[in-house]
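Subject: Structure for you to look through

Dear colleague,

I am passing on a structure that I would like you to open and look through at your own pace. Please keep it on screen while you read the notes underneath.

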Amino acid sequence: MKKVLALLALLLIAGASYGSVAKTASSGKAGCLACHDGVEDIRDDASAMMLQIKAIGAANGDPEGCVTCHGGDPTGTTVETAHKGAPKALKDGNGPKTFYPDPGSVWIADKTCGQCHVGYAYRVERSLMNTEAGKIQGNLHTWGIPEVQNHKVPWGNYDVKDTDGQVPQVGTDEYKEYMKAMVAAHKEQFPTELTQVPQPSVEEIEKDPKLAGFTYQRQQCQRCHVGIKGREKRGDYRGMGCSSCHIPYGNEGYYEGKDPTIDKTEKGHMLTHKIQATRKTKVKHGDVEYSGIPVETCNSCHNRGKRIGVTYQGLMEFPYGSPFNAKGGKQPGLHTKKYLFISDDLHHQIDSRPENPKGGLLCQDCHTTIDMHGDGNIFGTTLAQVEVECQDCHGTTDEFPWELPLGYSEEFAKDLPQTPRGLTDKLQTETAAFATAYAKREGYLKTARGNPFGNVVKDGKKVIMHSATGVDFEVPLLKQLKIDNNWKSPDAMVAMNAVKKHNDSLECYACHASWVPQCYGCHVQVNYGKDKNGVPYQDTDWLAGGTKRDEAGQTAESPLGTHGLKSPGKVFETRSYLRWEEPVLGINGEGRVTPLMPGCQVVYTVFDRDNEVIALNQLAKSYDEQKQLGQERVPDGIDMAPVQPHSAQRKARTCESCHDNPKALGYGISGGVFQTRYPVDIVADLIDQKTGQVIPGRHQIQVPKIADLDYDWSTIIKDGQQTQTVGTHWPLSRSLPKEMRDGMERTGLCLGCHREMTNAELWEKVSTPGTLNDQEHIEMLNRLLKSYAETKK
């Protein structure tokens with residue numbers, strides 16, 4: 001601390017050598033505050049960060065510290081002069097050399113945030129939050145684009161290279177060794193270079209309509225990366241780069257601070273000029289003081305695709321917008337959608353009772369700095385970057401978290417060395433330098449890949465998670481529950497302890513995620529023709545806008561109201577149907593049983609420049625999946641994606657919901673007996689029932705056919721073969737294998753006893769008057785099992 005204060009003192013002295021900054025009569029304040037008088041300090045005055053900002057600012061002629069992050073010329077007396085590059089005298093200092101409207105922009109963050117947070121800008125630029133490489137590969141696979149099958153061509157949002165090699169820049173030695181082995185085993189998931197996903201010409205698309213997938217990708221799917229500000233819609237307002245997460249934006253997009261230069265009636269502005277980060281970083285806004293990054297900040301992006309952000313809040317999109325509000329209207333659009341509340345993830349749930357107030361966990365409480373900022377490598381998918389597993393905190397019924405080996409629950413079908421991972425008393429360098437440091441107690445717990453959880457510690461028989469909200473939680477330890485015989489229900493004891501294969505084969509959320517958003521059938525129309533007014537269709541190309549940027553880090557779509565650059569064509573979307581209950585099960589890339597959800601189940605229709613249809617309700621084929629599975633049937637390109645849905649509930653799904661449920665096993669809702677006529681047009685009119693002929697000469701097709709879809713969208717197994725893609729990234733992901741399905745399917749077991757109900761003589765010997773409830777049934781069957789065991793002695 002003494003060294004830090006000495007450095008600050010030197011910087012303040014250095015600042016004294018520069019001339020005085022400008023003042024205006026209107027505010028009487030100098031420099032930037034001559035116009036921005038009243039703007040909130042980005043951090044509280046006493047924080048080390050604010051002291052450092054002001055010291056650097058003073059060394060550059062601005063004692064308030066604005067130029068430390070924003071650059072510009074504090075001696076300027078007009079907007080034009082102040083918002084230009086620093087004068088020659090100041091350029092000899094240490095601060096930014098131009099004016100940065102959003103200092104967090106990833107394109108210039110090395111010059112702003114990176115002055116102190118060295119290396120972060122490099123890592124974030126290569127992280128999935130900027131490249132979205134996995135999303136690009138997954139979506140284009142469903143369109144049948146051959147370059148992404150088996151990851152032959154690694155595409156990202158922008159051209160980027162891993163210039164320092166594939167040893168992570170950050171993390172413990174254990175982590176670096178772990179990732180070295182992982183990169184060697186899965187080279188295709190750790191490319192050393194990405195090229196920008198292309199946009200074919202309309203002429204090329206008219207010759208090969210599946211190339212319309214690139215228009216869909218660039219116009220619809222790529223608005224959520226941190227290289228741009230993204231869509232200006234309710235719930236989607238945010239900054240760029242570091243500001244995407246660390247600067248608060250309300251869903252309505254209004255500024256509620258005191259900077260007189262910001263229009264408080266214009267949408268698209270930050271909520272307040274404050275940084276939100278960890279527990280020690282307090283944000284005071286009105287009557288509310290909070291710490292940490294609110295979940296809704298994350299949801300400005302994580303509301304589409306796998307929808308994990310809104311799912312964590314318990315929300316699932318639904319078209320109805322009910323119930324009505326007091327004015328007779330429906331819900332306001334949020335991320336352009338209406339929502340139904342199902343049930344939020346148990347980690348999110350808030351106990352607001354006055355006698356025991358507790359908040360839920362924030363995303364950052366579980367997810368590490370590498371999960372979010374990256375480690376300097378380029379990642380091909382989420383599974384490559386995210387380093388945490390449920391068991392890292394909860395353990396298993398046989399082992400505490402620190403007794404588990406590294407890699408537990410992401411085995412990739414390999415045997416793990418049984419060396420316990422242990423605890424650590426050392427924080428990651430980045431955590432120690434910038435985050436809130438908590439007392440280690442007996443030691444920090446480790447992630448599955450060997451990095452310390454800086455906020456999760458062992459304290460005697462307890463594990464404590466320190467949430468960034470300021471609340472401390474005791475983490476339930478499964479082994480301790482077993483030792484104390486403190487199960488909440490017999491079902492829990494059986495599922496988590498008695499059936500050992502569950503621990504060995506299942507993700508925890510295979511049972512605990514009892515609901516998953518299921519948007520079946522993604523019907524995409526890409527129209528390159530003209531609207532009813534004769535105007536050619538076009539829409540925002542988020543990558544074109546993000547590629548055109550200036551020295552201030554601003555892109556073509558950054559200024560409010562510009563909406564970026566346009567490209568030919570416009571996308572229209574709809575769906576077949578929605579479900580949330582009892583998700584389908586499959587195998588994920590790690591080789592474990594997991595919930596599945598409709599990923600990109602794309603069926604595409606394309607219109608040319610003359611408004612003529614050139615592809616109608618087409619499905620792509622997944623030839624790489626066929627080869628991988630070794631089956632005769634070519635799976636369709638539509639995807640049922642393995643997912644950690646972030647919808648865990650205290651009451652897990654029942655045994656019957658998997659073992660007596662054809663949908664869960666992959667056979668489709670009710671065994672796939674419904675929605676079997678997709679391959680034919682459906683006409684709803686007067687029909688000759690004898691011949692099936694339509695009687696009126698003038699009639700319309702009510703439900704157009706999808707020629708290749710001979711099963712319901714929820715069906716992934718038909719006639720013993722996989723019908724559609726299950727995950728597009730990792731070779732282990734697939735439907736449940738036959739031997740597993742045969743071993744777990746127990747449909748119709750009730751008949752073992754109840755078929756004898758018509759045998760009056762037998763039934764009288766084993767039954768009693770009345771009806772047994774569920775618990776009595778269970779106890780009766782347990783007695784039968786024990787009686788049968790006696791006969792075997």
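What follows is an account of what was found in it, topic by topic.

**How far to trust the model**

Please keep in mind that this is a predicted model, and that the chain averages a pLDDT of 91, with 94% of the residues scoring at least 70. Over residues 1-22, however, the pLDDT is below 50, although this stretch still has 32 contacts in the model beyond its near neighbours in sequence. Residues 88-93 also have a pLDDT below 50, and there the model shows eleven contacts beyond near neighbours in sequence. Where pLDDT is low, the predicted coordinates should not be read in detail.

**The nonpolar cores**

The largest nonpolar core holds 32 residues, and the members that touch the most others are Leu140, Trp143, Ile145, Trp155 and Val524. Among the elements that give two or more residues to this core are helix 9 (133-142), helix 11 (202-207), strand 12 (515-527) and strand 18 (602-607), while the largest share, four residues, comes from helix 12. If you would like one residue to start from, choose Ile145, which is in contact with Leu140, Trp155, Lys210, Leu211 and Phe214 when its neighbours within four places in sequence are left aside. There is also a second, separate core of 27 residues, which includes Ile587, Val593, Leu665 and Ile716.

**A sheet with a helix across it**

Strand 12 also takes part in an open sheet of four strands, whose order is 15-12-18-19 and whose pairing is mixed. The edge strands, each pairing on one side only, are strand 15 (570-581) and strand 19 (613-618), and the twist from one strand to the next averages 15°. Strand 12 and strand 15 run antiparallel and are joined by ten bridges, and Trp515 stands opposite Glu581 in strand 15. Helix 12 lies across strand 12, strand 15 and strand 18, running at about 75° to strand 15.

For a simpler example of pairing, please look at strand 4 (residues 282-285) and strand 5 (residues 288-291), which run antiparallel and are joined by four bridges. Here Val283 has Tyr290 in strand 5 as its bridge partner, and two residues lie between the strands of this hairpin, in which Gly286 takes a positive phi near 60°.

**Salt bridges**

Side chains of opposite charge can pair when their charged atoms come close. A search of the whole structure finds 30 salt bridges, and one of them is formed by the side chains of Arg218 and Asp541, at 2.9 Å from N to O. Because Arg218 lies in helix 12 and Asp541 in strand 13 (residues 538-541), this pair ties together parts that are 323 residues apart in sequence. Arg218 and Asp541 are both buried.

Glu410 and Arg449 are likewise both buried, and they form a salt bridge in which the closest N and O atoms are 2.9 Å apart. A further salt bridge joins the side chains of Glu252 and Arg234, at 2.8 Å from N to O. Are these two residues buried or exposed? Neither word fits, because Glu252, at 34% relative accessibility, counts as partly exposed, and Arg234, at 26%, counts as partly exposed as well. Finally, Glu203, Glu206 and Arg609 are linked in a network of salt bridges.

**Unusual backbone geometry**

Most residues other than glycine have a negative phi, and most peptide bonds are trans. With that in mind, which residues are joined by a cis peptide bond? They are Ser322 and Pro323, with an omega of about 0°, and Pro323 is found in the loop between strand 6 (315-317) and strand 7 (339-341).

Arg441, although not a glycine, has a positive phi of about 50°, and this residue lies in the loop between helix 20 and strand 8. At 56% relative accessibility, Arg441 counts as exposed, since the cut-off for that word is over 50%. Ser670 is not a glycine either, yet its phi is positive, at about 55°, and you will find Ser670 in the loop between helix 28 (662-665) and strand 21 (717-718). With a relative accessible area of 43%, Ser670 is partly exposed.

With best wishes

Notes
Residues numbered from 1 in each chain as written. Predicted model: local features only at pLDDT ≥ 70, side-chain atom pairs only at ≥ 80, totals over all residues. Heavy atoms only, no water. Core = buried A, V, L, I, M, F, W, Y, C linked by side-chain atoms within 4.5 Å. Buried < 20%, exposed > 50% of the residue type's maximum accessible area, 1.4 Å probe, protein only. Contact = heavy atoms within 4.5 Å. pLDDT = per-residue confidence, 0-100. Pairing = 2+ DSSP bridges. Axes fitted to C-alpha atoms, helices over the stretch in contact; angles between N-to-C directions. Salt bridge = Lys/Arg side-chain N within 4 Å of Asp/Glu carboxyl O.
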